[in-house]
Structure formats: C-alpha cells, structure tokens
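Take a look at the chain below. This report walks through a few of its parts, one at a time.

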Amino acid sequence: MRKLTIIIKEAIHKHVTQLQLSSCILENEIYNAIKFVMRENPDIFWFSHQWSYSETDNILHLHYTFDSERCEKIKTQITDVINLDFKLSFVRTLPVVEQVMYVYKWIALYCTYNMYSAHNQTIYSVFIQRNSVCTGIAKATQYLFWLLGIESKLVFGKLNNSHADSRHCWLVVKIRDNWYHIDPTFAIPETSEIICTSGVSAIKGADDLFYNYYCVDAETIKQNRTIEDENTLPICLNTIDFKKYQYIKVTPSRNGENGGLGCLLSDNGTTADIYLAHNNFIYFRHRYVAKVFRNDDEHEILRKELVVMRECAGPHLLRATDVDFDKGILYMEQATPLSELLNSHYFCLSVEDFCNLLIDVASGLNELLNHGILYRDIHLNNIYLSNTKINGRYIYKLGDFGSCSFVDGYSQYENLTEKGGIGSKWYMAPETLEYGIFDERSAVYGVGMIAYYLLNDLYPPLWQDYGEEAISQRMKFSILSKPSLLDKCSFIHLDFSFIDKALRNDVSQRQQTLDELLEDIAEFLSDNTTSEKTILIEGASFNQNVKNTKTNIFCSTCGADPNIKVSNGDADNISSVYIDKEDCSLRIDDFASTSISFCESIEPQQSNNISNQTFCPQKQSSNEQYPNEQFHSVESTQGDFFEKLINLFLGKVKKQEHNNKLQKVYSSIFAPSEIKRNDYMMVQVFLYKEGEERYVASKANEVDPDAERKNYTPLLVELKEGDKVKISLQVSNKDIQVEDSVQEITWQGRITDCQFAMYISNEFNASTLLATVVLSVNGAPVGRMMFKTKVVGNPRKLHTEIVSRSFHKIFISYSHKDESRVKYLAEAYKAQGVDYFFDRHYLKAGDVYPLKIQQYIDSADLFILCWSKNAAESDYVTLERNRAMSHAYPQVTMDKASITIHPISIKPRAAFPQDMDSIYNFEEV
C-alpha cells in the first residue's frame with residue numbers, strides 16, 4: 001500500500017495520465033491510495049479524484065483539472081497570496097497557539113462560503129477565487145499549517161442537518177502536544193444559519209466571526225455531527241478559550257501597496273491584465289479584482305467600461321467599485337467565470353439552474369438595453385457567477401463591456417462608441433453576421449446560442465459535421481439540429497422549445513423581446529416542476545481532449561474581420577430609409593445595388609442519430625430573403641418605444657434627441673434610523689421627479705427593509721437629461737468608513753439611485769452618526785443633505801433625521817497657476833445662473849481684494865477648496881481657507897455652521913492640510 005501511494009503521488013505531481021500497474025493490484029487499493037494522497041497533500045489542486053482503472057490491461061487513467069503549464073502559473077499565484085496577503089514570514093514569528101488563531105481568522109476573513117464556487121475541493125478556490133466550501137477551506141487551512149510546521153489532519157463526518165448524501169470536512173490540529181478539533185468553515189459569517197440549524201447556538205466573537213469550533217474537544221465537536229473513522233484519529237480531550245487569543249489582528253492584504261494589486265490572475269486579455277485587488281476597500285471581506293490596462297491608448301476602453309457599469313449598475317452586471325485613471329486601473333467585484341465552473345468536477349446544473357442561468361443572462365442584456373446600451377459580445381467566457389444572492393440563489397452576471405455601443409440619444413458617449421463594435425462570430429445571429437444589424441432580437445438569438453452550447457458539449461451547432469464551416473452552414477437552416485444532450489434518453493422528454501424559437505434564422509419567428517424570452521423560460525419551468533431538480537449538466541464532463549481548443553475558438557471575441565463587425569445603423573450599404581408612422585413600420589428600400597441573399601443552399605449531411613423533431617435541420621425556403629422580408633411591421637405599443645426601437649436598428653440614421661429642458665428633480669436619502677457599532681449600514685440616494693415618492697420608498701425598502709426617509713424636505717435641483725450628477729458621501733470621523741464614497745450617475749429623466757456602504761467601528765464613541773451627502777452637477781456642487789443616525793446597542797425602527805439645503809452662493813478658492821484646471825467649475829455655475837465667486841469673473845478694477853473676498857466668504861454657503869501644490873504655497877488660498885473654516889464644522893457645531901467646505905484635490909497634488917485631513921474627504925479630480 002505504501003509503495004502504491006508513493007507511485008500515485010509521484011504520477012500526480014508529474015501530470016502522468018496513464019500509469020501501468022501490477023496485475024495483483026485491486027481497484028479498492030487504488031481508491032484508498034488516492035484518498036490517502038489527497039488527504040495528506042493539500043498542495044495538489046490540479047487533481048480532484050477523477051480517475052478510472054482498466055482491469056483488462058491494469059492501466060490507471062488519471063484526469064487533471066489543469067494542464068501542467070496552467071499549474072505552474074497557479075502555483076506562482078498561490079505563493080504570492082501566502083507570502084504577501086497571508087504574510088507568512090510575520091505569522092512565523094508568533095507563538096504556535098497565536099499562529100493557529102491567525103490562520104483561523106485569516107481564512108474566515110479572506111474567503112467566503114459559497115456552495116457554487118469553482119474547484120471547491122482544492123486550495124485554488126480559497127487562495128485565488130476567495131470562495132469555497134468546507135473541503136477547500138479545510139485543505140487551505142491544512143496547507144497553511146503545513147507551511148508553519150504545525151501538524152494537522154483532515155477529518156470527515158456528517159452534520160446533523162445534512163442531506164443524506166452530503167459530508168462535512170474539518171481538521172484536527174496539534175498544539176503543544178495536545179490535539180484539538182478546529183472547523184474554520186464555521187468561523188465564516190455566512191455559515192451562521194448552518195450552525196444554528198445543526199442544533200447549536202452560534203458563538204459570535206467581537207470581530208463578528210464565529211468561534212464554536214476553534215480548538216475544541218471531541219465531545220464539543222460531536223454536538224452537531226458524527227465523525228468518520230474516529231478510531232484512526234488522535235484523541236482530542238482539551239479546549240482552548242478563544243477569548244484569550246481573539247485580539248490577534250489580521251491586517252488587510254497589501255492595502256495601498258503597488259496600487260493595492262494582489263497576485264496576477266490573468267494576462268490573456270487583449271488589452272488588460274487582471275489582478276486580485278486590495279486597494280482603497282474598507283471591508284477586508286469584500287472581493288475585488290483590478291483590471292489593469294496595458295497602454296494609455298486603451299484608457300478609452302477603461303472609461304467606457306466604467307460608464308457602462310456605473311450608468312446601469314444592474315443586478316446582473318458586474319459592478320465597478322473604483323477607478324484610477326492615472327494608472328489605468330478599473331476595480332470591480334470578483335466573480336467566478338462560468339468557464340471555470342464548467343471545468344470544475346464538482347459543479348453541476350440542474351434543469352432549474354440551467355434556466356436560471358439563461359434568465360440572468362437575458363436580464364443583464366435587458367438592463368443594458370433599458371439604458372440604451374447594446375451588448376453584442378455574447379459568449380460563455382463573458383458570464384460570471386457572482387457572490388451575490390437574489391431570492392436565495394447566487395446570480396450570474398455579464399462582464400467585459402469594452403465592445404458595448406451607446407445608442408438611443410446617448411450622444412455624450414459618442415466618442416466612446418467605436419463604429420461597428422465587435423462580437424464572437426460563433427454566437428452571432430445571422431442578420432448580424434451577414435449585414436451588421438443588431439437589435440433586441442439579435443440579443444435573444446445570443447441567449448439561445450448560450451443555451452445550445454451548454455446542451456451540445458460546448459460545441460456550436462453543426463460542428464461535428466462541418467468543423468470550421470459550421471458558421472456558414474448555420475446560415476442555411478431555419479431550424480438547427482438538436483443539441484447532443486437532448487438525444488440522451490434521460491432528457492428526451494424535455495421540450496426546450498424556447499431555445500428552438502430563439503435560434504430561428506427568420507427574426508420574425510423568434511421571441512421579439514428579451515421579456516418575451518424570459519416569459520417563455522418561466523413557462524417552461526412551470527410546466528416541468530417534476531424535472532427541475534434533474535441534473536442536466538455536470539462540470540468537467542465535456543470532451544477533455546478538445547476543451548481548451550473549443551474555449552479559444554468558440555468563446556473568443558472576433559478581431560478585425562469586416563464581415564463580423566456590428567453596425568449601429570450607419571452602415572455604408574444603407575442607401576435610403578424612411579419611416580411611415582401611420583402603420584408604425586420600418587421599410588428599408590434598398591440594401592446596396594447587388595442582391596442580398598443567404599449562401600447557396602447545400603443539403604446538409606444528416607447523421608443517423610439526428611431525429612426528425614423540432615431541432616432537426618430544415619432548409620430555408622428560397623423566398624425567405626433578408627432583410628426585405630424579415631424586418632417589417634415593427635409596431636409601437638407605448639410612448640416612445642417605436643422611436644427607441646428605430647434607434648436600436650439604425651443608430652445615427654435616426655437618433656433620439658436629448659431633452660434639453662431643465663427638469664425639477666428631487667433627491668432623497670434612505671438610511672437606517674439606528675445602527676450598532678461594529679456593523680454596516682446602507683445609505684441610498686435617489687433622484688426622481690415629483691409624484692414618484694411612493695415608488696422610490698418601495699424601491700428603497702426592497703433593497704434595505706430598515707431604510708427610512710422621514711421628517712425632511714427633499715433637495716430640489718434642476719437637471720437636463722444627460723447631466724452628470726456626482727454624489728459624495730462625507731463623514732468627519734475616522735472611525736466611520738465609507739466604501740466608494742464618490743459615485744456618479746447620469747440623469748436620463750427617470751428614477752435613478754446609488755448605494756453607499758458605511759462601517760461603524762467599535763472605536764466610534766459618539767451616540768449619533770452625522771453624515772453629509774453633497775450633490776454636484778457636471779462637476780459643480782449644487783446642494784447638500786445632512787442626516788443623523790443614532791448609534792445604539794439594540795437598534796429599533798425610528799425615523800431618520802435628514803436636513804437638505806441647496807447651495808446658492810459659492811466661493812471657489814484656487815491658485816491662479818491652476819486656473820485652467822478649475823475654471824470648469826465657474827463655467828458650470830455661470831451656465832446655471834448661480835451666484836458664485838471666481839475672482840477672474842467677479843473682481844473689478846478698484847476693488848479692495850481682501851475685503852471683497854472676506855465679505856463674500858462670510859455670506860457664502862459653499863466653499864470649494866481646489867487644493868494642489870500651487871494652492872499649498874499660495875498666501876491667498878491660506879487666508880481664504882482659514883476664513884471659511886472659522887464658519888464651518890468643527891470650529892462651530894454642525895447645526896450652526898453657515899458654510900459647507902467641499903475640498904477637491906487637483907494636480908500637481910499636495911499633502912492635505914493637517915487641520916483638514918482627518919475631518920474632510922478630499923475628492924480627487
């Protein structure tokens with residue numbers, strides 16, 4: 001047995017795929033040997049018990065999750081995390097019992113519990129993906145103990161509340177000659193419900209982590225579980241009081257160092273590299289990545305992605321959290337690529353999961369379309385499983401927005417929209433491939449193609465018969481062949497007719513909107529309730545030999561091929577377009593001088609296993625020409641829908657004009673009325689029109705049931721559609737931390753909002769939290785809203801006190817050397833007709849400058865400090881700043897302060913004034 005174990009261990013480390021064994025070795029011996037290797041070697045992340053044994057020739061076949069080249073990259077990534085995030089060299093200086101506590105806390109803070117994480121039985125899921133399940137978490141803990149020279153062993157058992165076929169994994173660890181059970185999974189806050197439903201009460205520490213199973217005896221561990229093979233484990237008779245070592249602090253990873261960049265995750269992108277990120281994020285447990293653009297000329301793509309993420313901020317779109325334009329870095333939430341999940345042996349999709357995935361993708365496309373944004377880059381590699389739950393399940397999100405186009409009157413983004421755009425030819429609808437036209441029905445086709453790939457072993461339609469010619473052959477069939485999975489007896493009863501409909505070549509036969517597709521999927525689910533839990537797709541079940549090749553060919557965004565460019569409507573081949581509003585139809589008189597038709601019809605080669613059912617190939621009739629027959633009679637059903645649809649079809653040929661009239665817009669804050677220390681609270685800021693108050697309140701309560709908006713007058717501002725509204729949440733106490741404290745939204749004439757996360761630390765000793773929200777329009781502050789939240793031991797639902805005030809008299813303080821950088825503020829106020837002081841505009845010959853300046857500051861309600869190296873050296877700026885601060889908080893109480901100070905940091909930057917640094921948030925411009 002020992003010799004066999006050594007042979008298998010060496011084979012796995014060398015990525016051997018076939019191992020010739022002696023004829024006397026039994027399959028059960030191989031099973032036990034592999035189990036021993038995997039339990040004693042947590043560093044092995046590229047093998048997950050995927051093996052088979054041929055008794056006829058005594059060959060052991062080993063299957064690997066990652067090839068050897070990828071393994072070396074991942075090893076480098078894990079080493080980077082352990083040395084620089086875990087801080088291995090520092091932890092080694094601690095006493096052993098403190099090392100154990102540090103590992104316990106670090107794992108709980110660094111990793112979240114997620115049943116649907118990729119490769120979740122290995123340390124890769126913890127150190128790189130930062131979310132896992134019990135086995136991955138236990139192995140990562142075992143690996144850290146191993147590096148620290150601490151002896152430990154994996155333990156398996158079954159929780160009292162487990163499903164019949166599930167198991168749980170934890171460890172025993174040796175400290176000073178005594179053994180203890182330790183379960184780091186149940187330190188993680190997300191597992192509190194599992195702890196409670198297993199029959200015990202959760203023991204929460206002062207740091208909000210759980211300590212039920214930190215170094216406990218066997219009797220304690222067995223309160224909510226059984227233990228497998230207990231007689232083979234060391235005896236655990238003692239317990240360590242966690243309160244003695246709870247003070248051990250785990251510092252945020254690399255916070256502020258090298259832009260907060262962690263290990264390199266991917267360098268395969270065409271324009272940017274992806275890193276783990278730790279910069280400027282208050283909560284250690286939030287998961288971010290940094291997209292670092294390689295060249296300055298690619299920063300426009302960065303700006304476009306930021307605009308899309310911030311403008312839409314939909315639940316099914318990856319969320320941007322911060323940006324550093326100087327370094328070309330876009331920070332965003334970390335999510336797990338669907339391609340990683342599909343390659344994970346422990347991932348599976350039930351019928352219900354499969355439908356939910358399609359629902360999420362369609363919903364994400366809908367969220368973009370509702371903001372006038374076309375997302376054409378539809379393929380599997382742009383879908384991610386997030387760490388966000390909606391209605392009790394983790395949701396999928398769309399990512400990579402560099403190829404989006406802005407239509408429907410988004411003229412302010414015109415410079416961000418490349419003509420044509422790009423997409424993956426393998427997923428494109430026929431009208432997009434042939435004519436460069438993309439509309440909502442083309443997006444429906446893209447969702448259908450996602451479904452087809454998943455049901456067809458990750459192959460595109462007709463690939464098995466035509467290979468690279470599959471794209472052109474696809475154009476000849478109005479109905480595609482049945483996906484391979486649906487030929488299997490166990491799934492032949494499932495009628496995925498909504499996929500067939502979505503993939504029709506004739507656009508008039510598809511679902512006409514994404515909402516219609518969503519309704520069809522929902523109807524399918526309601527008709528198949530008995531099958532919804534049936535496992536449809538299992539990760540790593542696809543053809544291993546071609547998996548990597550297929551990913552590169554079928555999930556890549558196409559480059560410069562003009563045949564796959566996507567037009568926004570101003571294509572050269574459109575000679576004339578006119579609209580007949582009588583019957584609300586779109587007529588295209590002529591698409592170029594030459595006739596346009598599909599490729600010459602070729603009879604497909606039918607394979608014997610293709611049945612003559614809904615998905616079978618059918619030749620398209622000769623009179624189905626595109627686009628004359630297929631784009632017609634697009635009827636308007638509400639308001640400006642017709643105009644919007646025409647814009648989606650034609651872009652610049654017929655573009656909706658902005659509403660340039662000023663609109664009265666109200667702003668409201670929603671926040672909890674009471675909060676406890678060492679806890680988080682959400683602050684929501686809404687922009688809306690008069691009469692929409694109730695809908696805004698219900699929307700706020702959907703996100704946060706504790707949110708209140710009472711006893712205040714909302715802030716009134718005047719906006720035009722397209723105005724940029726910057727919303728800054730400011731607090732004056734270092735013990736209150738705000739994530740992403742400055743956000744920007746665009747007013748489009750309808751309700752829009754943003755959210756801020758605030759953390760109140762234990763060190764905050766006041767009884768009331770005071771915060772200020774400042775609104776700026778096109779870069780110029782126009783008003784503020786102050787709110788109070790009581791800090792108590794046991795929060796109750798009361799009314800949040802909010803005071804709103806518009807700015808009517810603004811003083812702009814700056815150095816004349818910085819005039820070119822700050823004059824936009826004066827121009828913005830001038831355009832709004834607001835009373836402002838900008839000395840180049842205000843002072844006249846003969847004025848006594850110091851007196852005029854002093855009088856204006858004394859009567860102003862907003863003081864904008866444009867801080868720079870030049871300003872720091874300016875005597876005038878110093879005098880102006882001191883005068884303003886004498887009327888502002890904290891020199892006077894917040895309720896009596898007559899002026900609000902809004903400091904901004906501009907280039908060339910300088911250290912912030914010491915008397916302001918700990919009180920004010922300096923907005924970088």
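## The whole chain

The protein chain holds 27 helices and 41 strands. The model is predicted. Of the chain's 925 residues, 56% count as buried. Its accessible surface comes to about 40,100 Å². Carbon and sulfur atoms account for 48% of that surface.

How do contacts link parts of the sequence? Take the contacts between residues at least 6 apart in sequence: 68% of them join residues at least 24 apart.

## Two covered helices

Start with helix α5, residues 96-110. At 1.5 Å a residue, its 15 residues should span 21 Å. The C-alpha atoms at its ends are 21 Å apart, so the expected span and the model agree. Helix α5 is also mostly covered, with 14 of its 15 residues buried.

Now move to helix α14, residues 440-455. Its 16 residues should span 22 Å at 1.5 Å a residue. The end C-alpha atoms lie 23 Å apart, which agrees. How many of the residues of α14 are buried? The count is 16 of 16. At the N-terminal end, D439 acts as a cap for α14. A side-chain oxygen of D439 lies 3.1 Å from the backbone nitrogen of R441. After α14 comes D457, whose phi is positive, near 60°.

## A buried serine

S125 sits in helix α6, which covers residues 123-127. Is S125 buried or exposed? Its relative accessibility is 0%, so S125 counts as buried; the cut-off for buried is under 20%.

The side chain of S125 makes a polar contact with the side chain of S132, at 2.7 Å. Neighbours within four places in sequence are left aside in the contact list of S125. That list includes A118, H119 and N120, and also R130, N131, S132 and G136.

## A parallel sheet and its helices

Five strands form an open sheet with parallel pairing. Their order is β38-β37-β39-β40-β41. Why do β38 and β41 have one side without a neighbour in the sheet? Both stand at the edges and each has a single partner strand, so one side of each is left free of a neighbour there. Strand β38 covers 835-837, and β41 covers 923-924.

Look inside the sheet at β37, residues 809-813, and β39, residues 862-867. Four bridges join these parallel strands. In one pairing, S813 has L865 of β39 as its bridge partner. Two helices lie across strands of this group. Helix α22, residues 819-832, lies across β37, β38, β39 and β40, and runs at about 155° to β39. Helix α26, residues 875-885, lies across β37, β39 and β40, at about 145° to β39.

## Antiparallel partners of β26

Strand β26 runs over residues 663-670. It is mostly covered: seven of its eight residues are buried. In a regular strand, side chains alternate between the two faces of the sheet.

Which strands pair with β26 in the antiparallel sense? One is β29, residues 715-719, joined to β26 by five bridges. Here Y666 has L716 of β29 as its bridge partner. Another is β28, residues 679-688, which pairs with β26 over five bridges. In β28, the bridge partner of I669 is V685.

## Backbone details in loops

Follow the chain past strand β40 into the loop that leads to α27 (914-917), where P908 is found. The peptide bond from K907 to P908 is cis, with omega near -5°.

Two loop residues have a positive phi without being glycine. The phi of D400 is near 65°. D400 lies in the loop between β19 (393-398) and β20 (405-406). At 29% relative accessibility, D400 counts as partly exposed. N778 has a positive phi of about 55°, and N778 is not a glycine either. Where is N778 found? N778 is in the loop between β34 (768-777) and β35 (780-791). With 36% relative accessibility, N778 counts as partly exposed.

Definitions and conventions:
Residues are numbered from 1 along each chain as its sequence is written. This is a predicted model: local features need pLDDT of at least 70, side-chain atom pairs count only at pLDDT 80 or more; totals for chains, interfaces and linings use all residues. Side-chain values use heavy atoms; hydrogens and water are left out. The expected span of a helix is 1.5 Å times one less than its number of residues. Buried means under 20% relative accessible area, exposed over 50%, partly exposed in between (1.4 Å probe, protein chains only). A polar contact is a pair of N or O atoms within 3.5 Å; within protein, one must be able to donate a hydrogen and the other to accept it, and residues adjacent in sequence count only if both atoms are side-chain atoms. Contact means heavy atoms within 4.5 Å. Accessible areas come from the Shrake-Rupley method with a 1.4 Å probe; for residues, only the protein chains shown count as cover. Two strands pair if DSSP finds at least two bridges between them. Axes are lines fitted to C-alpha atoms, for helices over the stretch in contact, and angles run from 0 to 180 degrees between N-to-C directions.
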